[in-house]
Amino acid sequence: MAEIILNVEVREQTGTGGARSTRRDGKVPGILYGGNKDPVAIAVKSNEFRKALYTGKLLGHLVTLKYGSETQPVIAKAVDMHPVTDEPWHFDLYRVDEHQQIKIDVTVHFANEDASPGLKRGGTLGVTLHAVTVSCHADSIPEEIVVDLTGLEIGDAVRVSELKLPAGVTAAVDGDLVVASITTSKAVTEEAEGEATTEEAGED
């Protein structure tokens with residue numbers, strides 16, 4: 001099962017006033033939806049929610065919702081933060097079955113930048129997709145998608161179809177989409193132009 005357990009309670013009051021009252025009581029308001037059931041207004045104690053959020057394994061991961069003696073696997077679809085205090089302000093949980101096939105965005109991370117000849121020469125890593133939508137079982141969501149930059153030259157691109165995904169995980173977007181590319185930086189362009197000018201002067 002999931003590593004994180006959210007102890008929730010049902011909110012009697014809904015709407016802006018109800019959410020405000022929930023926050024005054026030291027809780028974060030949220031909504032539970034999906035699974036062919038009606039949405040339910042819920043809340044989690046602020047300190048417990050912050051603790052779960054700051055593990056980095058809440059948003060976009062399978063977690064366990066606990067209400068009294070009942071438990072339910074859910075996915076945290078969204079967490080809104082207060083623009084000033086940066087405190088959790090509202091969250092959305094989506095009901096799922098553990099082995100249900102779902103589509104979800106997984107963050108892309110890049111590795112071995114120092115092993116890319118193009119970046120060593122002053123090229124720039126241009127990231128087009130910071131996350132990729134994948135299809136997988138709810139209990140098999142990857143923590144991240146790692147792109148190995150080893151050997152990439154200026155002009156090279158990494159496409160979705162080239163990503164190394166775990167077993168049972170497939171990309172749910174066009175395989176031709178570019179995830180990232182090594183582009184020519186201004187410094188490299190100026191260096192190349194300078195070399196060309198020097199060569200022309202030498203020929204004269």
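Reader: What makes β1 and β2 the edge strands of the open sheet of 7 strands?

Author: In this predicted model, the sheet has the order β1-β5-β6-β7-β3-β4-β2, with mixed pairing. Strands count as paired if at least two bridges link them. By that criterion β1 (5-7) and β2 (9-10) each pair on one side only, and they are therefore the edge strands.

Reader: How do you know that β3 and β7 pair, and in which sense?

Author: Strand β3 (residues 27-34) and strand β7 (residues 88-95) share 4 bridges, in the parallel sense. The requirement is at least two bridges, so the two strands qualify as a pair. Within this pairing, Leu 32 has Leu 93 of β7 as its bridge partner.

Reader: What makes helix α1 a helix that packs on the sheet?

Author: Contact requires heavy atoms within 4.5 Å. Helix α1 (residues 15-24) touches β3, β4 (37-45) and β7, and its direction makes about 130 degrees with that of β3. The buried residues of α1 pack against β3 and β4.

Reader: Why are Gly 18, Ala 19, Ser 21 and Thr 22 placed on the same side of α1?

Author: These residues, Gly 18, Ala 19, Ser 21 and Thr 22, are buried, that is, under 20% relative accessible area. They cover an arc of only 160 degrees around the axis, and therefore lie on the same side of α1. Thr 16 and Arg 24, on the other side of α1, are exposed, the cut-off for which is over 50%.

Reader: Which residue follows α1, and what is the sign of its phi?

Author: Gly 26 follows α1, and its phi is positive, near 80 degrees.

Definitions and conventions
Residues are numbered from 1 along each chain as its sequence is written. This is a predicted model: local features need pLDDT of at least 70, side-chain atom pairs count only at pLDDT 80 or more; totals for chains, interfaces and linings use all residues. Side-chain values use heavy atoms; hydrogens and water are left out. Axes are lines fitted to C-alpha atoms, for helices over the stretch in contact, and angles run from 0 to 180 degrees between N-to-C directions. Buried means under 20% relative accessible area, exposed over 50%, partly exposed in between (1.4 Å probe, protein chains only). The arc is that of the directions from the helix axis to the C-beta atoms.
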